Amino acid sequence: MLPRTTDNAPFQVSWSSPVPPAPFELLPGPADSPVILHVPHSSRVVPAEVRAGIVLDDAALERELDHITDAHTAELAEAAAGLSAVMPWRFVNRLSRLVVDPERFPDEREEMLSVGMGAVYTRTTHRGELRPADSDPEPLIDRCFRPYAQAMTDAVAGRLAATGRAVVIDVHSYPSAALPYELHGEGPRPPVCLGTDPFHTPPELLTAAREAFAGCGETGVDSPFGGAYVPLEFYGKDPRVAALMVEIRRDQYMAEPGGPAGPGLTRLATALAALVDAVPR
């Protein structure tokens with residue numbers, strides 16, 4: 001198991017430490033696996049230098065981390081990898097999305113800018129102030145966002161070179177009740193939501209996901225969250241890159257918000273492993 005402190009212990013890490021933490025980690029699978037389990041939002045780690053720019057007190061920041069973190073998804077992906085017949089690769093963010101959100105556009109293309117949640121958040125899940133509105137996002141984008149994006153691009157390129165294809169499966173979770181920041185929270189909130197992209201999600205991948213998660217309750221598509229992560233170098237250009245987002249409603253495997261994982265985690269890990277194994281080699 002990976003150290004639990006990477007998911008659950010905020011504030012204790014500083015970039016000025018003698019040995020700074022890796023902000024992200026690529027955990028290799030076998031050479032013939034095209035699958036990358038991407039886990040971008042599982043960590044609660046906020047380095048001290050970033051913490052200094054957040055206006056919330058410690059208690060409020062803990063509550064915000066409870067709401068915004070996709071808790072236990074790194075553990076879920078790790079368990080699924082161990083259950084898979086052919087282990088997938090894993091790309092795991094080791095910093096909180098309150099540092100930067102690697103799945104946002106870093107510019108005006110990002111619709112979440114309307115609620116202060118672009119690549120660098122200025123507002124909370126409840127639309128309160130997280131950082132001053134005039135905060136300059138560029139230092140964090142340059143220091144964290146761009147290296148992450150390049151590393152993920154390299155990981156996908158590596159799978160293309162080795163296997164001729166890459167399949168990015170995003171592992172997320174979401175709350176059972178909509179939070180105020182959600183722009184599309186009025187739709188269905190099934191136990192498992194599958195996010196798709198019209199170019200990068202082939203029908204057979206969506207079908208395989210529906211079948212894999214059939215035992216976990218109703219499976220919906222693109223509600224309350226849609227889309228799938230593909231590095232911009234390949235986005236809309238390279239059909240060899242397939243992508244699917246798996247959003248798991250948190251009451252299916254944990255106590256909300258921010259509580260411990262329950263027995264549902266094993267059931268979901270087994271389903272995710274079945275999806276990994278359904279991807280042709």
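This report describes the confidence, the cores, the cysteines and two local regions of a predicted model.

## Confidence of the model

Because the structure is predicted, it helps to begin with the predictor's own confidence, which averages a pLDDT of 92 over the chain, with 93% of the residues scoring at least 70. Residues 1-20 call for more care, since their pLDDT stays under 50, although the model has 51 contacts beyond four places in sequence for this stretch.

## The nonpolar cores

The largest nonpolar core holds 37 residues, and the members that touch the most others are Phe213, Val246, Leu272 and Leu275. Several helices and strands give two or more residues to this core, namely β2 (35-39), α4 (73-83), β4 (166-174), β5 (192-195), α6 (203-212), β7 (241-249) and α7 (264-278). Of these, α7 provides the largest share, with eight residues.

Leu275 shows how such a core is joined up: leaving aside residues up to four places away in sequence, Leu275 touches Ile169, Leu205, Ala208, Ala209, Ala212, Phe213, Leu244 and Val246. Apart from this core there is a second, separate one of 30 residues, which includes Val50, Ala119, Leu140 and Phe145.

## The cysteines

How many disulfides does a search of the whole structure find? The search finds zero. For Cys216 the reason lies in distance, because the closest cysteine sulfur, in Cys193, is 14 Å away from the sulfur of Cys216 and therefore too far for a bond, when a disulfide requires the two sulfur atoms to be within 2.5 Å.

Cys216 is also buried, with a relative accessibility of 6%, and Cys144 is likewise buried, with a relative accessible area of 8%.

## Arg250 and its surroundings

Is Arg250, found in the loop between β7 and α7, buried or exposed? Its relative accessibility is 5%, so Arg250 counts as buried, given that the cut-off for this term is under 20%.

The side chain of Arg250 reaches the backbone oxygen of Thr69 at 3.2 Å. Not counting residues up to four places away in sequence, Arg250 touches Asp66, His67, Ile68, Thr69, Asp70, Ser173, Tyr174, Pro175 and Glu256.

## Helix α3

Two of the residues that Arg250 touches, Asp66 and Ile68, are also among the buried residues of helix α3 (residues 58-68), together with Ala60, Leu61, Glu64 and Leu65. The cover over the buried residues of α3 includes α2 (48-51). At the start of α3, a side-chain oxygen of Asp57 comes to within 3.2 Å of the backbone nitrogen of Ala59.

Note on methods. Residues numbered from 1 in each chain as written. Predicted model: local features only at pLDDT ≥ 70, side-chain atom pairs only at ≥ 80, totals over all residues. Heavy atoms only, no water. Core = buried A, V, L, I, M, F, W, Y, C linked by side-chain atoms within 4.5 Å. Buried < 20%, exposed > 50% of the residue type's maximum accessible area, 1.4 Å probe, protein only. Helix = DSSP H or I, 4+ residues; strand = E, 2+ residues; numbered from the N terminus. Contact = heavy atoms within 4.5 Å. pLDDT = per-residue confidence, 0-100. Polar contact = N/O pair within 3.5 Å; in protein donor to acceptor, adjacent residues only side chain to side chain.
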